[in-house]
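Got a minute to go through the charges and patches here? Let's check what earns each label.

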Amino acid sequence: MSAVESYHSGREDFAALLEESFGKNEALEGTVIKGKVVAIEKDMAIIDVGLKTEGRVALKEFTGPGREEELKVGDEVEVYLDRIENALGEAVISRDKARREESWVKLEKAFEAREKVMGNIFNTVKGGYTVDLDGAVAFLPRSQVDIRPIRDVGPLMGQPQPFEILKMDRRRGNIVVSRRTVLEETRAEARSELVASLEEGQVIDGVVKNITEYGAFVDLGGIDGLLHVTDMAWRRVNHPSEVVTIGQTVKVKIIKINQETHRISLGIKQLLADPWDGIAARYPVGTRLKGRVTNITDYGAFVEVEPGIEGLIHVSEMSWTKKNVHPGKIVSTSQEVDVAILEVDQVKRRISLGLKQTLRNPWEVFAEQHPSGAVVEGEVKNKTEFGLFLGLEGDIDGMIHLSDLDWNRPGEQVIEEYKKGDMLQAVVLDVDVEKERISLGLKQLGGDPFVDAGEFKKGQVVTCEIVDVKDGGLDVKIAGTDMTTFIKRAEIARDRAEQRPERFAAGEKVDARVILFDKKARKIQVSIKALEMAEEKEAMAQYGSADSGASLGDILGAALKKATTEKK
């Protein structure tokens, strides 16, 4: 081989080696490589990455939230090779990128294995916070910070703590983490252990953590129990704040434990003596005592007769006279009232109380002061189809029935003469205390025409004054009395042709015969027809007989002639 050929061959071999070397070096770009700190100048570290070139990395890249690395000459570090050589002939390297690259690999493995990762909250952003996961930056939504919303995240900043990765997207460089799920899991484990150590019936101390309308949550040392308002005291508690305050240490009894949901029910009153024991002996039926109204409902009022013991005054036992009134219009909350024990049920823990039983029955009082026949006065409170209601003393009512308004006229007609607000006098007819009814009469103020008229016998002839002429007969009044009656069309005359009411006029007087008089039933009936037939019978007896051959006209003519002669 000539010298020229040897020279060209050497150059080709060197070029090939150089190209191979550069090819290998270029393959390292975009990867994490090891380097050695050869010098530290001000805020920069000079690092030899073994490529016959050096690179510069800012010292701040070796520090970060939760870690402080003291870098010194001779330390071996891992850096990310961005480019082998820049315009200054230096390698472009980065510690941050190296750490991020390492972190992404570790985080992806942790995400697949659902393992917790350590990180530091270091900044606040819109909707949440940023977390440094050993170089990789993740987003922590505000709702995932804690189990309960917290106002100040300051104490959590820069503190190494575990997180769970919820979502990863390497292409977009997005990582979403949660601190809440870690706390919930830790809490669940702690709750399980704590619940396992507790027993129903156990008495322990706890701290009141929160108060709601229906009770208080008590911290039992890592797990909360509910102290319901009904288990705070034997007495009625309107709001839990009446018994406990936030931060207060209380002794409670475990009433029930739900092993599946880890819910614990607590009680304070269970540590005290049950006031219902022996209640029937302390409060016999009929006992009168004082109590305080604690609550008012649509159906009655609750009265505390002693601490922890309440009874119900049903609305029907509140007043003798106010039947359809809301209990709140009779008593008020916190009012002290006199009550009577009506019933005690120790098993159902109920006491029935009466308010009206401490007062005299107004119907009894009225009956004592106003016996039958007494005259009373009252205002017309109501007017119905069957009578008038008068308001009487004692806030009670009496009724005047239609039949007791007038002796002669129909009640439906007479009642139209009265209106609400009229003051009337009436006679007490009857008082039924049990049914709470008082019967009054208006017509009884005047004399009874049946009593004043005396006795009438069947067959007696009376003179009647025609009061009204109707299609069906005549309304008449017995002369010399206040009694009225009705003569039916069929009783106006013996002959059918004469049975016409229009033959008569109001004000005329006619004679009639009494055909019915019942003083007890207050009935009297008279008949013109019966009188005519009686006169005819008498005439036949005096002036003729069936076999004399005389006609009825002859007999009546003779009788008339005799009557005329006797009259003259």
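Q: What makes Asp-511 partly exposed?
A: Its relative accessibility is 41%, and partly exposed is the range between buried (under 20% relative accessible area) and exposed (over 50%), with a 1.4 Å probe and protein chains only. Asp-511 therefore counts as partly exposed. As for its place, Asp-511 sits in strand E31 (residues 509-518); strands (E, at least two residues) and helices (H or I, at least four) are DSSP runs numbered from the N terminus.

Q: How reliable is the model behind these calls, and how are residues counted?
A: This is a predicted model, where local features need pLDDT of at least 70 and side-chain atom pairs count only at pLDDT 80 or more, while totals for chains, interfaces and linings use all residues. Residues are numbered from 1 along each chain as its sequence is written, and side-chain values use heavy atoms, with hydrogens and water left out.

Q: Which residues gather with Asp-511 in a patch of negative charge?
A: Glu-532, Glu-535 and Glu-538 join Asp-511 on the surface. A patch takes residues with over 30% relative accessible area and no salt bridge, joining like charges within 9 Å and nonpolar side chains (Val, Leu, Ile, Met, Phe, Trp, Tyr) within 5 Å. Asp and Glu count as negative. Helix H8 (residues 528-543) gives the most to this patch, with three residues.

Q: What makes Val-203 part of a nonpolar patch?
A: Val-203 is at 41% relative accessibility, and patch members need over 30%. Val-203, in strand E13 (residues 203-211), forms the patch with Leu-271 and Leu-272, and together they have about 250 Å² of accessible area.

Q: Why is Leu-71 called buried?
A: The relative accessible area of Leu-71 is 18%, and the limit for buried is under 20%, so the label fits. Leu-71 is in the loop between strand E5 (67-68) and strand E6 (76-83).

Q: How do you know that Glu-185 and Lys-116 form a salt bridge?
A: Their side chains meet at 3.1 Å, N to O, and a salt bridge is a side-chain nitrogen of Lys or Arg within 4 Å of a carboxyl oxygen of Asp or Glu. Glu-185 lies in helix H3 (residues 180-197) and Lys-116 in strand E8 (residues 116-125), so the pair ties together parts that are 69 residues apart in sequence. Across the whole structure, a search finds 23 salt bridges.

Q: What makes Arg-494 and Glu-536 a salt bridge?
A: N to O, the side chains are at 2.9 Å, and the limit is within 4 Å. Arg-494 is in the loop between strand E30 (484-488) and E31, with Glu-536 in helix H8, so this pair links parts 42 residues apart in sequence.

Q: Why does Lys-443 have no salt bridge?
A: The nearest side chain of opposite charge, Asp-404, is 4.2 Å away, and a salt bridge has to be within 4 Å, so Lys-443 goes without one. Lys-443 is buried, and its place is the loop between strand E27 (437-441) and helix H7 (449-452).

Q: What does the side chain of Lys-443 reach?
A: The backbone oxygen of Ser-403, at 2.7 Å.

Terms used: Accessible areas come from the Shrake-Rupley method with a 1.4 Å probe; for residues, only the protein chains shown count as cover. The place of a charge is taken as NZ of Lys, CZ of Arg, CG of Asp or CD of Glu. A polar contact is a pair of N or O atoms within 3.5 Å; within protein, one must be able to donate a hydrogen and the other to accept it, and residues adjacent in sequence count only if both atoms are side-chain atoms.
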